[in-house]
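Here are my notes for a colleague opening this entry for the first time. Please keep the sequence and the 3D view side by side while reading.

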Amino acid sequence: MGAETNVRLFTVLRALRVVRLIRLVRTLPAFRELWLLVGGLANSMKALGWVALIALALLYVGGIIVTTEIGQNHRVYGVGPSYDGEIWPYEKYFGDVPTSMFSLFQVMTMDGWCDDIVRHVIHRQPAMGLFFVAFLFVVAFGLVNVVIGIIVENTLAAAQVSDRRAEVELGRTRRHAVEALTDLLVRSDSSRTGEISMQELQVAYESAIVKDLFKKIGLTMQEAKNLFSLLDYERRGRVELKRFANSCRELVGGAKRRDIAQVEITVGTLARHLEQLDGQFSKIEAEVGSITAMADAFVDKTVRTLTGFNGDPRQHLQSSGAPGRPSGAAAQ
């Protein structure tokens, strides 16, 4: 007998090896939904425990009520047949509190609750129908829907956590790909200028390794060309490798982050354009000031040559005559 028990126990322990499949389930993308359901159920256990405690309390209180009103009410239920012409064994369903709790649980699951239990009770005590209707609304419709809501909420939360983990892992892979692409482009810069042209970028894209890195980053060649055009604000046909790599790094992080990075790159390009325009305006302002000074000097020199006035007030007084001097004296 003892050996047979040990064999059974050993068989059960061998069956636990199926738990090893959990790792396989977690790694395969095809079982992602199954793992989310399992995770949602596992995360719901605490809340489900509180719901079960509330249901147990309601079953206990309801069991006391129906035991008193039905199971121990021999004067009403102990005489004559029920509505179907047969004797209903009311003590079998509500003879004591534990039995009554199990019967109420049957009502809660709606398993033969109407024909087996409630119709017989309403036939003897119509007012008890209100109790069973209220019990169904609170427990069957209320608590059961709460349980469903808890499981769904935790499953969605587990899906969000899984998506965030996948996004973080994808971002890490893309960052490593950007670093590898930067290192590869730097190594391919034989002239050591620290710059890359569009032609060099297209030639490098022909490599299978570079294509794979662009695929991991999530960039197409057309997007790389657009990025190159944004960075080449001077239209020299070349951009710095460091700036190109930093821009690719900024584009890593999902669609929303990519849009933000593109806006940041565009704004940075516009800022550099504005700096260039500001420098050009400063040069123009200096040139205009120089031209103004030359024009003033030219006008001043021309006026002095034509009038003979060198800017001395005494020369002006001598040429026009002293004020208050008689005209006859001047004639003498």
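The points below go from the whole chain to its cores, one helix and the charged pairs.

1. **Confidence.** This is a predicted model. The protein chain averages a pLDDT of 77. Of the residues, 75% score at least 70. Residues 322-332 need care, with pLDDT below 50. Beyond near neighbours in sequence, that stretch has one contact in the model. Where pLDDT is low, the predicted coordinates should not be read in detail.

2. **Overall make-up.** The protein chain has 16 helices and two strands. It runs to 332 residues, and 26% of them are buried. The accessible surface comes to about 22,800 Å². Carbon and sulfur atoms account for 63% of that surface. Now take the contacts between residues at least 6 apart in sequence: 67% of them join residues at least 24 apart.

3. **The largest core.** Which residues have the most contacts inside the largest nonpolar core? They are Val66, Ile70, Trp88, Phe94, Val121 and Phe132, in a core of 27 residues. Six helices are worth finding in the view: H4, H5 (74-77), H6, H7, H8 and H9 each supply at least two residues of this core. H9 gives the most, with nine residues. A second, separate core has 22 residues. Ile196, Leu213, Ile217 and Met221 are among them.

4. **Ile70.** This residue lies in helix H4. Is Ile70 buried or exposed? Ile70 is buried, because its relative accessible area is 0%, under the 20% cut-off. Leave aside neighbours within four places in sequence. Ile70 then contacts Tyr77, Trp88, Tyr90, Phe94, Val121, Gln125, Met128 and Phe132. Gln125 is a good example of a contact across the sequence. Ile70 and Gln125 are 55 residues apart in sequence, yet their C-alpha atoms are 8.9 Å apart in space.

5. **Val121.** Look at Val121 from its own side too. Residues up to four places away in sequence are not counted here. Val121 touches Ile70, Tyr77, Trp88, Pro126, Met128 and Phe132. Ile70, Trp88 and Phe132 also appear in the list of residues with the most contacts inside the largest core.

6. **Helix H7.** H7 covers residues 97-109, 13 residues in total. From its first C-alpha to its last it reaches 18 Å, close to the 18 Å expected at 1.5 Å a residue. Its buried residues are Ser100, Met101, Ser103, Leu104, Gln106, Val107 and Met108. An α-helix has 3.6 residues a turn, so residues three or four places apart point the same way. What do the buried residues of H7 pack against? They pack against helices H4 (45-71), H6 (90-94), H8 (113-124) and H9 (128-188). Met110 follows H7, and its phi is positive, near 60°.

7. **A salt bridge inside H8.** The count of salt bridges comes to five. Side chains of opposite charge can pair when their charged atoms come close. One of the five joins Arg119 and Asp115, whose closest N and O atoms are 2.9 Å apart. The two are separated by about one helical turn, because they are four residues apart in helix H8. Arg119 is partly exposed, at 42% relative accessibility. Asp115 is partly exposed as well, with a relative accessible area of 47%.

8. **The network at Arg238.** Arg238 forms a salt bridge with Glu195, with closest N and O atoms 3.4 Å apart. This pair links distant parts of the chain. Arg238 sits in strand S2 (residues 238-240) and Glu195 in strand S1 (residues 195-197), 43 residues apart. Arg238 also meets Glu200 in a salt bridge, at 3.7 Å from N to O. Glu200 belongs to helix H10 (residues 198-205), so this pair ties together parts 38 residues apart in sequence. Glu195, Glu200 and Arg238 are thus linked in a network of salt bridges.

9. **Exposure within that network.** Which of its residues counts as buried? Glu195 does, because its 19% relative accessibility is under the 20% cut-off. Arg238 is partly exposed at 24%. Glu200 is partly exposed too, with a relative accessible area of 37%.

Key
Residues are numbered from 1 along each chain as its sequence is written. This is a predicted model: local features need pLDDT of at least 70, side-chain atom pairs count only at pLDDT 80 or more; totals for chains, interfaces and linings use all residues. Side-chain values use heavy atoms; hydrogens and water are left out. The expected span of a helix is 1.5 Å times one less than its number of residues. Buried means under 20% relative accessible area, exposed over 50%, partly exposed in between (1.4 Å probe, protein chains only). Contact means heavy atoms within 4.5 Å. Accessible areas come from the Shrake-Rupley method with a 1.4 Å probe; for residues, only the protein chains shown count as cover. A nonpolar core is a set of buried Ala, Val, Leu, Ile, Met, Phe, Trp, Tyr and Cys residues joined through side-chain atoms within 4.5 Å. pLDDT is the predictor's confidence in each residue, from 0 to 100. A salt bridge is a side-chain nitrogen of Lys or Arg within 4 Å of a carboxyl oxygen of Asp or Glu.
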